Amino acid sequence: MLDRSRILHILGVPHDSVVAFVRLLYSSRFIISTCERLCVEIEAEEREEMERHGMALLALSHAYRVRWLKRRCEAGLAAWLSAARAIDVLKLARLCDAPRLHQRCLRLVAEDFAAVQESEGWRFVQKHDPSLELEVLQFLQETAQVCDLLLIAMDACPSRKVDPNSYFIRSGYLGWIWI
């Protein structure tokens, strides 16, 4: 018989996600996988867990300060990110202080904003989160300005070979640079 006084309830995430979180914490195979010594079948199993519970695992790893799992969750979520889920993952990345995932989401939104506008997440943001909507729209505006500046620079110096599809990063005081 189960003693109810020994049950720990973690609110805000599904039970299956909590079980996956505890299994990841106490399973040596996932720690070993960070050292890249595992076979493909275990990596496939981990990928499947990430697809099912990735968002909840990111929230749990942030809340309980499990850095290695948080990095893996960020990478896993970024790997299967789609335009339909970009805004939902962007909201979570903001809440969980995941800057790499945040930037990846913003880049995906900029690449396929038409598809993002059709998503349920974008409609929710428009109704309930004006600060995130403003952040996304400002990012889109900055991206468009950078593309315009790049085109002007390419016209001004036709001998320079610049790939217009290259990615841009914002680096502190240096402004925008392409990589």
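What share of the 179 residues in the protein chain is buried? Buried residues make up 35% of them. Keep in mind that we are looking at a predicted model.

I will start with the overall layout. The protein chain has 9 helices and 2 strands. Going along the sequence, the pattern reads α-α-α-α-α-α-α-α-α-β-β, so the helices come before the strands if you follow the DSSP runs from the N terminus. Now take the contacts between residues at least 6 apart in sequence: 57% of these join residues at least 24 apart.

Next, two places where helices pack. The first pair is H4, residues 67–79, and H6, residues 99–111. Their axes are 9 Å apart, and the angle between them is about 10°. An angle under 35 degrees counts as roughly parallel, and H4 and H6 are therefore described that way. On the H4 side, the residues that take part are Glu74, Leu77 and Ala78. On the H6 side, they meet Pro99, Arg100, Leu101 and Arg104. Sorted by class, this contact has 4 nonpolar residues, 3 charged ones and no polar ones.

The second pair is H5, residues 86–95, and H8, residues 120–128. Here the axes are 7 Å apart and the angle is about 55°. That makes H5 oblique to H8. From H5 come Ile87, Asp88 and Lys91, and from H8 come Gly121, Trp122, Phe124 and Val125. The residues of this contact divide into 4 nonpolar, 2 charged and 1 polar.

Please remember Trp122 from that list, since the next topic is aromatic rings. How many aromatic pairs does a search of the whole structure find? It finds 2. A pair of aromatic rings is described by two values, the distance of the centres and the angle of the planes.

One pair is Phe21 with Tyr64. The ring centres are 5.9 Å apart and the planes stand at 40°, so this pair is tilted. Phe21 sits in helix H1, residues 15–26, and Tyr64 sits in the loop between H3 and H4, so the pair ties together parts that are 43 residues apart in sequence. The two residues also have their own accessibility values. Phe21 counts as buried, at 5% relative accessibility. Tyr64 is partly exposed, with a relative accessible area of 47%.

The other pair is Phe113 with Trp122. Their centres are 5.3 Å apart and their planes are at 80°, so the pair is edge-to-face. Phe113 counts as buried at 18% relative accessibility, and Trp122 counts as buried at 2%. Trp122 is also one of the H8 residues in the contact with H5.

Now the cysteines. How many disulfides does the structure hold? The number is 0. Look at Cys73 as an example. Its closest cysteine sulfur is in Cys96, 9.3 Å away, which is too far for a bond. The cut-off for a disulfide is 2.5 Å between the sulfur atoms. From the side of Cys96, the nearest cysteine sulfur is that of Cys73, and Cys96 is in no disulfide. Cys73 counts as buried, at 0% relative accessibility. Cys96 is buried as well, with a relative accessible area of 4%.

Cys105 lies in helix H6. At 0% relative accessibility, Cys105 counts as buried. What does Cys105 touch, leaving aside its neighbours within four places in sequence? The contacts are Leu81, Ala86, Val89 and Leu90. Cys105 can also be placed relative to Ala93: the two are 12 residues apart along the chain, and their C-alpha atoms are separated by 8.6 Å.

My last residue is His53. His53 is in helix H3, which covers residues 40–63. Is His53 buried or exposed? His53 counts as buried, at 10% relative accessibility. Apart from neighbours within four places in sequence, His53 is in contact with Asp16, Ser17 and Ala20.

To go back over the main points: the chain has 9 helices and 2 strands. H4 and H6 are roughly parallel, while H5 is oblique to H8. There are 2 aromatic pairs and 0 disulfides.

Key. Residues are numbered from 1 along each chain as its sequence is written. This is a predicted model: local features need pLDDT of at least 70, side-chain atom pairs count only at pLDDT 80 or more; totals for chains, interfaces and linings use all residues. Side-chain values use heavy atoms; hydrogens and water are left out. Helices (H or I, at least four residues) and strands (E, at least two) are DSSP runs, numbered from the N terminus. Buried means under 20% relative accessible area, exposed over 50%, partly exposed in between (1.4 Å probe, protein chains only). Contact means heavy atoms within 4.5 Å. Rings of Phe, Tyr and Trp (its six-membered ring) pair if their centres lie within 6.5 Å; planes under 30 degrees apart count as stacked, over 60 as edge-to-face and the rest as tilted. Axes are lines fitted to C-alpha atoms, for helices over the stretch in contact, and angles run from 0 to 180 degrees between N-to-C directions. Angles under 35 degrees count as roughly parallel, over 145 as roughly antiparallel, 65 to 115 as roughly perpendicular and the rest as oblique. Ala, Val, Leu, Ile, Met, Phe, Trp, Tyr, Cys and Pro count as nonpolar, Asp, Glu, Lys and Arg as charged, and the others, Gly among them, as polar.
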